[in-house]
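Reader: I should like to learn how the pockets, the ligand site and the backbone of a protein model are read. Please take the features one at a time.

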Amino acid sequence: MKRTSLLLLMTLLTLGCKEEKPAQTETEMTDRNWWKEKVLYQIYPQSFKDTNGDGFGDFQGVIEKLDYLESLGIGMVWMNPFFESPLVDNGYDVSDYRAIHPRYGTMEDFETMLSGMKERDIRFVLDVVVNHSSDQHPWFKEASSSRESKYFDYYHWWPAEKGEPPYRHSLFDPEGGWDYVEAVDAYYLHTFAEQQPDLNWENPELRQEVYDIMKFWAEKGVDGFRMDAFQFASKDTTYPEFPEGHEKEFIKWYGMRPQLHEYLKEMYKEVIEPYEVFAVAEGAGSTLQDAHDLVDADREELQTAYHFEYVDMARTPESFKLSEFKEVFSKWDSAFAKEGWLAVFLSNHDNARLVNRFGNPSPEFRRVSTQMLNTFLLSMRGTPYTYYGDELGMTNIDMPTIEEYVDIDAIGKYKTAQKAGEDMDAFMQVLNYSSRENSRTPMQWDTTAHAGFTDGTPWKQVNENYKEINVAVQEGDPNSVLNHFRNMTRLRNENEVLIYGDYQMILDDHQQIYAYTRTLNADKMLVILNFSDKQAEAALPDGLKTGKVLINNYQTLPFHDDSSLKLQPYQALIVQLK
Ligand code: NOJ
């Protein structure tokens, strides 16, 4: 077969085999909703764009970049917390849920940013951090000064007269999940840091406070809520002793209690339904059934959630296995094929950069492997959640010593490992590769000082590769990661089959290739992705051999001979089948 060189779009491909029409499947259409259709872009506000020179990103910076956001073809923005906070966990410790932290700007700036998004048909998703508050929140200050305060019951306490509380694992604190407060002679519970006391969702007054906060923001015009750490909100208030060694299954011990569903139904009636907004939960429980119980439409609880099953897969470069990755995504897709809806993500502010974890950050393969991963993310069923900088292929940074870290999670894990007598060199290697600080570096806008992020001193060092990886350089290159991302969002936005179509994996056992079809009635797309740094060969099944190449991140077609493919390293193709 003749090899044709081509630019990205719309090249006719015909393999020599007989033309075969794909079977027309009658896809059952799940209910259509904008939050299923729009691509979500996550902004970590302190790292996006600084306009006042203080080294932290701000709302005015986002306002400056609204046209850029629109140019990406995204339709929703989720912004990490920007509320008043002592910033122990970069804003996931809120001391006033209705106030803006001054480093981001004012409420007026927020409103200008929101209306700028609305003008561009971009919806806004607010991060709601209500499994816990900050210990500096007036509720906690009151609660920890007297047992008689009505706020005492806004938190979880273990009265000291009952003796020492049973051990609870804390995700950030090596000393465990309880801390003593002398004034009330009791211990309070914190699943995260000691400065993040857990709120008591069993208390109806507390729940009402939360709904009021959500209404406040819904009235400002936000379109959705991302419920932080929400699986933990309802707990077993007998606080059973946590069995050591079960840290990986902590949700089973700490969260997903049956009452959670009652609270979510209440929240639905109070906020979600009347304001016509949506809510996505961070986490989807431990099982497929848990996830269905949270998001199925007839439950009237949440609208969507994101599961974590593959998050632990790429903690070290060796731990990623394509076979497991395929299995996990296929399993979750098939469980939600008829009912329920999930979000799909490969990275966020809690994980290292996408290209380091699932692709290849070397200069040779960085571009193609990021393009391949973005092709995957934007062609799967489920709302794609993309993280700022991944549209450029931003990479991890190198932080080999603990002194360089500022993140409470990294520091807590370090102390825990030290306490357990772990090999600290090996620990640091894993941390350097997998820490979430990798993905919080300033956005790389151009080749000027600090990548155009700030005129001041950035709160965190800019990745030293910013002169090669930045928006300005990629804008003008039709083959850049950025323009590939735009091609992909355009393709998804224009083809319902990529949103609602059935997913069917093919070449299941292939060690290098992940391939699948998406089918919606007569429309059928074939997605073929080489996840490896080597060429990959495969024979396509009958019926999938004729079509139009819509996406290709190489200049060459991969067709080897009449019936087989030879993909280049990290080659990604989408073919519209005939
Ligand atoms: C999950 C958030 O994504 C993470 O960044 C934060 O540290 C914890 N929840 C605690 O709020």
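Author: The discussion below treats the ligand first, then the voids, and then single residues. This is a predicted model, in which local features need pLDDT of at least 70 and side-chain atom pairs count only at pLDDT 80 or more, while totals for chains, interfaces and linings use all residues. Residues are numbered from 1 along each chain as its sequence is written, and side-chain values use heavy atoms, with hydrogens and water left out.

Reader: Which residues surround the ligand?

Author: A residue is near a molecule if one of its heavy atoms lies within 4 Å of it. Here the ligand is surrounded by Asp 89, Tyr 92, His 132, Phe 172, Phe 192, Arg 226, Asp 228, Glu 282, His 349, Asp 350, Arg 436 and Arg 440. By class, this shell has three nonpolar, two polar and seven charged residues; Ala, Val, Leu, Ile, Met, Phe, Trp, Tyr, Cys and Pro count as nonpolar, Asp, Glu, Lys and Arg as charged, and the others, Gly among them, as polar.

Reader: Which side chain has an N or O atom 2.5 Å from an oxygen atom of the ligand?

Author: A polar contact is a pair of N or O atoms within 3.5 Å; within protein, one must be able to donate a hydrogen and the other to accept it, and residues adjacent in sequence count only if both atoms are side-chain atoms. The side chain of Asp 89 has such an atom at 2.5 Å from a ligand oxygen. For His 349 the distance to a ligand oxygen is 2.8 Å, and for His 132 it is 3.0 Å. Taken alone the ligand exposes 290 Å², of which the protein buries 97% (Shrake-Rupley method, 1.4 Å probe).

Reader: How many cavities of 30 Å³ or more does the structure hold?

Author: On a 1 Å grid over the protein atoms alone, a cavity is a set of points where a 1.4 Å probe fits but cannot get out, and lining residues have an atom within 4 Å of a point. A volume is the space filled by probe spheres set on the points. The structure holds three cavities of 30 Å³ or more, and the largest has a volume of about 150 Å³. Of the 15 residues that line the largest cavity, Trp 332, Asp 333, Leu 342, Val 344 and Arg 381 are the closest to its centre. The lining comprises 10 nonpolar, three polar and two charged residues.

Reader: Where is Gln 474, and is its side chain buried or exposed?

Author: Helices (H or I, at least four residues) and strands (E, at least two) are DSSP runs, numbered from the N terminus. Buried means under 20% relative accessible area, exposed over 50%, and partly exposed in between (1.4 Å probe, protein chains only). Gln 474 is in helix H15 (residues 471–475) and is buried, with a relative accessible area of 7%. Its side chain reaches the backbone oxygen of Leu 392 at 3.0 Å, and a polar atom of the Gln 474 side chain lies 2.9 Å from the backbone nitrogen of Leu 482.

Reader: What is the phi of Leu 87?

Author: Most residues other than glycine have a negative phi. Leu 87 has a positive phi of about 60°; this residue is in the loop between strand S4 (83–84) and strand S5 (96–100) and is partly exposed, at 22%. Tyr 570 also has a positive phi, near 60°. Tyr 570 is in the loop between strand S20 (564–567) and strand S21 (572–577), and counts as buried at 4% relative accessibility.

Terms used. 1 Å grid on protein atoms, 1.4 Å probe; cavity = no way out; pocket = protein on both sides within 12 Å on 5 of 7 lines; lining within 4 Å.
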